[in-house]
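Trainee: I would like a close look at one part of this model, taken slowly. Please start from a single residue and work outwards to whatever else deserves a description.

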Amino acid sequence: SDLKGAARGKGRGREVITAARAADIILLLGDVFNYKLNILERELYDAGIRLDKQPPNIHITLDKKGGIIIRSTVQLTHMTEFEIAEIIRAYGIVNANVTVREDIDTDSLVDFLAGNRVYIPSVVAINKFDLRFGDVENRIKEDLGRDYLPVSCATTQGLEELKDRIYDRLGFIRVYLKPKGGKADLEEPLVLLDGSSVRSVCEHLHRDFVNLFRYALVWGKSAKFPGQSVGLDHELKDSDILSIITKRR
C-alpha cells in the first residue's frame with residue numbers, strides 16, 4: 001500500500017522508491033489471497049526502475065556538425081533509423097554518431113536518453129502457500145506470467161529455496177583464500193559479485209594489500225593451469241582458490 005502512487009510523490013512511497021532505486025535486488029512479495037503485482041510493477045516502472053533488464057546497447061558520440069548518423073550492427077525490427085534520429089533530436093541532440101547494437105524499441109531508446117533509469121534484478125515470491133485453495137496455483141501462474149517461488153513464512157516452506165534464488169540472481173561467487181605455504185580455507189569463502197578481480201579481494205581484506213601486492217596464485221575455473229601466477233586485474237570465477245603474495249613491509 002505504501003507504493004501506490006509513489007512515483008507521483010504520494011505518501012511514504014517516496015521513501016520506498018528511494019530505497020528500491022539503490023537496491024541490488026528487489027523482492028516482489030504477494031500471497032495466495034493477494035497475488036496481483038501489477039500495481040507494484042507499474043509504480044517501480046514509473047519511478048524509472050527497470051526490472052530484469054540490461055541497459056540498452058547504444059553508444060552516442062556528439063559531433064559539431066553532420067546531423068544524426070545512425071549505424072546499427074543488428075537488424076532493426078521495431079524502429080526505423082529515421083524514427084531513432086527524430087527521438088534523439090527531441091532530446092536536444094542535433095549532431096552525433098549513434099551506434100545501435102541491439103534491436104531497440106521506443107521505450108528502451110527513451111530510457112537510454114533519459115539517463116536516470118536503474119536496472120535491477122528481481123525475484124517473485126508468493127507467501128501463505130500453506131493456505132492455498134482450489135486452483136489458485138494455476139491462477140497465480142497465469143496472472144504473473146513469470147516464474148515465482150511458493151513460500152510460507154508460517155511453515156518455512158520454500159524459504160531456503162528463496163535464499164538460493166536471491167543468491168543466484170545477485171550473481172555472487174565464492175573465493176577461497178589460501179595462505180602462502182598453507183592449506184586453503186574451504187569452510188569460510190569470501191563472497192563477491194561475479195566479475196570481481198584479484199584487486200577486489202585485496203581491497204576487501206585491507207587497503208594495504210593493493211599497495212603491497214606482488215602477485216597472486218590461483219587454482220580453479222579462472223586459471224589456465226593450477227597455481228597460475230596472476231596480477232591485480234585477473235577476473236575470478238566461482239570456487240576459485242586464491243593465494244595473495246605481498247611485499248614485506
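Mentor: Take E43 as the starting point. This is a predicted model, and in it E43 has a relative accessibility of 5%. E43 therefore counts as buried, since the cut-off for that class is under 20%. The residue belongs to helix α2, which covers residues 38-46. Along the chain E43 is 26 residues from I17, and the C-alpha atoms of the two are separated by 8.6 Å.

A second buried residue leads to the sheet. S122 has 2% relative accessibility and so counts as buried. S122 is located in strand β7, residues 122-127. Leaving aside residues up to four places away in sequence, S122 touches I25, I26, L51, D52, R146 and R169. With one of these, R146, there is a polar contact from side chain to side chain, at 3.2 Å.

Strand β7 is part of an open sheet of three strands, in the order β1-β7-β8 and with parallel pairing. The edges are taken by β1 (26-31) and β8; each has a single partner strand, so one side of each has no neighbour in the sheet. In general, the strands of a sheet pair through backbone hydrogen bonds, in either the parallel or the antiparallel sense. Here β1 and β7 pair in the parallel sense, over six bridges. Within the sheet, L29 stands opposite A125 in β7.

The loop between α5 (136-144) and β8 (149-150) holds G145. Its relative accessible area is 64%, and G145 is therefore exposed, the cut-off being over 50%. From G145 to S108 the separation is 37 residues in sequence and 21 Å in space, C-alpha to C-alpha.

S108 brings us to the second largest pocket, which holds about 170 Å³ of space. The pocket is lined by 13 residues, and those closest to its centre are K53, D105, D107, S108 and D111. Helix α4, residues 106-114, supplies the largest share of the lining, with three residues. Sorted by class, the lining comprises seven charged, four nonpolar and two polar residues.

To draw this together, the description began with E43, buried in the model, and passed to S122, also counted as buried, in strand β7. From that strand it followed the sheet β1-β7-β8, then turned to the exposed G145 and ended at the second largest pocket, where S108 is among the residues closest to the centre.

Technical notes. Residues numbered from 1 in each chain as written. Predicted model: local features only at pLDDT ≥ 70, side-chain atom pairs only at ≥ 80, totals over all residues. Heavy atoms only, no water. 1 Å grid on protein atoms, 1.4 Å probe; cavity = no way out; pocket = protein on both sides within 12 Å on 5 of 7 lines; lining within 4 Å. Points joined across faces, edges and corners; volume = space filled by probe spheres on them. Helix = DSSP H or I, 4+ residues; strand = E, 2+ residues; numbered from the N terminus. Nonpolar A, V, L, I, M, F, W, Y, C, P; charged D, E, K, R; others polar. Buried < 20%, exposed > 50% of the residue type's maximum accessible area, 1.4 Å probe, protein only. Polar contact = N/O pair within 3.5 Å; in protein donor to acceptor, adjacent residues only side chain to side chain. Contact = heavy atoms within 4.5 Å. Pairing = 2+ DSSP bridges.
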